[in-house]
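Trainee: Could you take me through one part of this model in detail? I'd like a close look at the place where the ligand sits, and at whatever surrounds it.

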Amino acid sequence: MSRLVVVSNRVAPIKAGKAAAGGLAVGVYDALRQSGGIWFGWNGDISADPPINSEQVGNITYVTLGLTKRDYDQYYRGFSNATLWPIFHYRIDLARYDRDEYEGYRRVNQMLAQKLKPLLKPDDIIWIHDYHLIPFAEECRRLGIRNRIGFFLHIPFPPPEILTVIPPHNELLKTLCYYDLIGFQTETDRLAFQDYMTREVRGVIEADGSLTAYGQNFRSGVYPIGVVPNEIQQLGETYKGRRHPMRRTSDTARKTIISVDRLDYSKGLVERFKAYEAFLDRFPEHRRNVEFFQIAPTSRSDVRTYQSIRRQLESEAGHINGRLSDLDWTPLHYLNKSHERRILMGLFRSASIGFVTPLRDGMNLVAKEYVAAQNPEDPGVLVLSRFAGAARELTSALIVNPYDCIGMAEALDRALRMPLAERRDRYEHMMRAIRAADLSAWRDNFLRDLRAFVSQPRE
Ligand SMILES: O=P(O)(O)OC[C@H]1O[C@H](O[C@H]2O[C@H](CO)[C@@H](O)[C@H](O)[C@H]2O)[C@H](O)[C@@H](O)[C@@H]1O
Ligand SMILES: O=c1ccn([C@@H]2O[C@H](COP(=O)(O)OP(=O)(O)O)[C@@H](O)[C@H]2O)c(=O)[nH]1
């Protein structure tokens, strides 16, 4: 079997047990540790003359490098996270475009492809991840790399009317066509991509389902990222930490609501806090009987839009607690700190509600983890945004619109009153979906299709 080479901007922390607040790192790490291979990407450092470092841990060889300050500013902080991220999450209002940053983004992709080339063997399968690396395959082809190269987009793909706001959208999307296979989280994302290719650039859908555009022939598919349910079950059962703040039955009868998100405007945190306040106002009988834990590790904190969402949340949390707390009751616990997975899974298991309400999200692994961590005999309820990719599979969650504050408040009330039989039915239905599309299925289906696809010969 050919060796797997994974390339992503973010590489999971190499030290076991260290928290990786981000679904890509969590998912790719779990996928790679089964098959082994190389994981190539940025080590998270900014340095003047970044050396390349190689480290073998188990069956994974981590090859990582730092970025110069200029590269970091233009490629990561700039074009990736101030242009592509907001636009791909349908937030034109928060996006900016700077031509120098775009050029920096292209330059870093070229540099990364050059550094990867000497590590490759002819039959390696190369799997590139996410929006930071859209032009990576084109750079590889320029360098004469002929290996199979697949791309998986972890975030949503917006409709053409939104995408075309990016001034060099044509040039950027052309680079995507150098991949052999392009994977999306949902069919909505894949259709938006197909729409762009057929309407904007007159691409053609071939009889075998493949696409031809810009003289390249390639395939697209849907591969929803999943979790490892048995492992999550076990973690959830075993974490009984001393400082565990939530106990469903013993110390207190108080029920808990939990949310875990990177502190990102796409996650709908402000809207969620407002919905929680509306819930306590409209259903005062729940006051004192419920506490809401929001874990929100800071993310991309040097991007301006992330600083402003943080200030908004601090003010909203202070407002709720200032107005409603009592000496023996704090309605909202807002923690800006990342937590280890084993702790999170324990917290999920003991929470009565998983409150997952992004305004737009590629998948949202937390939604799947919350369900997988539940006690099958007495499961909690998932309240889930219709705009998370996960809502396509977890149709037995209480599906809400995150722009509807009162609707979310009512869903919290309904979840807290839900009879055990209904909670079990919904849980079992969701677990079937989670098991059917687990993390191995994501990896195996994508790699099977990448290996199988015979494209038209490339010039
Ligand atoms: O690397 P960062 O800038 O610190 O951000 C963390 C990651 O966030 C995004 O995760 C996405 O991937 C998840 C797994 O497929 C998916 O469930 C979620 O909906 C996405 O938002 C981002 O796409 C990654 O590149 C980042 O590493
Ligand atoms: O303090 C934290 C916060 C999050 N996570 C993990 O980070 C991932 C977040 O992935 P998700 O798809 O929900 O969102 P993303 O951050 O990738 O947009 C999940 O596996 C979480 O369990 C973690 O390990 N520690």
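Mentor: Here is a walk from the whole chain down to the ligand site, with one buried helix at the end.

Keep in mind that this is a predicted model. Start with the layout: the chain splits into domain 1 (4-226 + 440-452) and domain 2 (229-436), so domain 1 is written in two segments, one on either side of domain 2 in the numbering. Measured is the wrong word for any of this, but taken over C-alpha atoms, the centres of the two domains are 30 Å apart. Where they meet, 21 residues of domain 1 are in contact with 22 residues of domain 2. On the domain 1 side, the elements that give two or more residues are helix H1 (23-35) and helix H2 (69-88). By class, that side of domain 1 divides into ten nonpolar residues, ten polar and one charged.

Now for the ligand itself. Both domain 1 and domain 2 give residues to the shell around ligand 1, so the ligand lies between them. There are 17 residues around ligand 1, and Gly22, Gly23, His154, Gly362 and Met363 come nearest. Going by the domain bounds, Gly22, Gly23 and His154 fall in domain 1, while Gly362 and Met363 fall in domain 2. H1 supplies four residues, the largest share of the shell. H1 is worth a second look, since this helix is also one of the elements on the side of domain 1 that touches domain 2. As for chemistry, the shell has six nonpolar, seven polar and four charged residues.

A little further along the sequence comes helix H12, residues 365-372. Eight of its eight residues are buried, so H12 is largely enclosed by the rest of the structure. The buried set includes Lys368 and Glu369, alongside Leu365, Val366, Ala367, Tyr370, Val371 and Ala372. For the chain overall, buried residues make up 48% of the 459.

Finally, step back to the full fold. The chain has 15 helices and 16 strands. Its radius of gyration is 22 Å, close to the 23 Å that the globule rule gives for 459 residues, so the chain is as compact as a globular protein of that length. The C-alpha atoms fill a box of roughly 70 × 45 × 45 Å along the principal axes. Among contacts between residues at least 6 apart in sequence, 75% join residues at least 24 apart.

Notes
Residues are numbered from 1 along each chain as its sequence is written. Chains are lettered from A and ligands numbered from 1 in the order in which they are written. This is a predicted model: local features need pLDDT of at least 70, side-chain atom pairs count only at pLDDT 80 or more; totals for chains, interfaces and linings use all residues. Two residues are in contact if their C-beta atoms, placed from the backbone, lie within 7 Å. Ala, Val, Leu, Ile, Met, Phe, Trp, Tyr, Cys and Pro count as nonpolar, Asp, Glu, Lys and Arg as charged, and the others, Gly among them, as polar. The radius of gyration is taken over C-alpha atoms; the globule rule is 2.2 Å times the number of residues to the power 0.38. A residue is buried if 20 or more other C-beta atoms lie within 10 Å of its own, exposed if 12 or fewer, and partly exposed in between; C-beta atoms are placed from the backbone. A residue is near a molecule or strand if its C-beta atom, placed from the backbone, lies within 6 Å of it.
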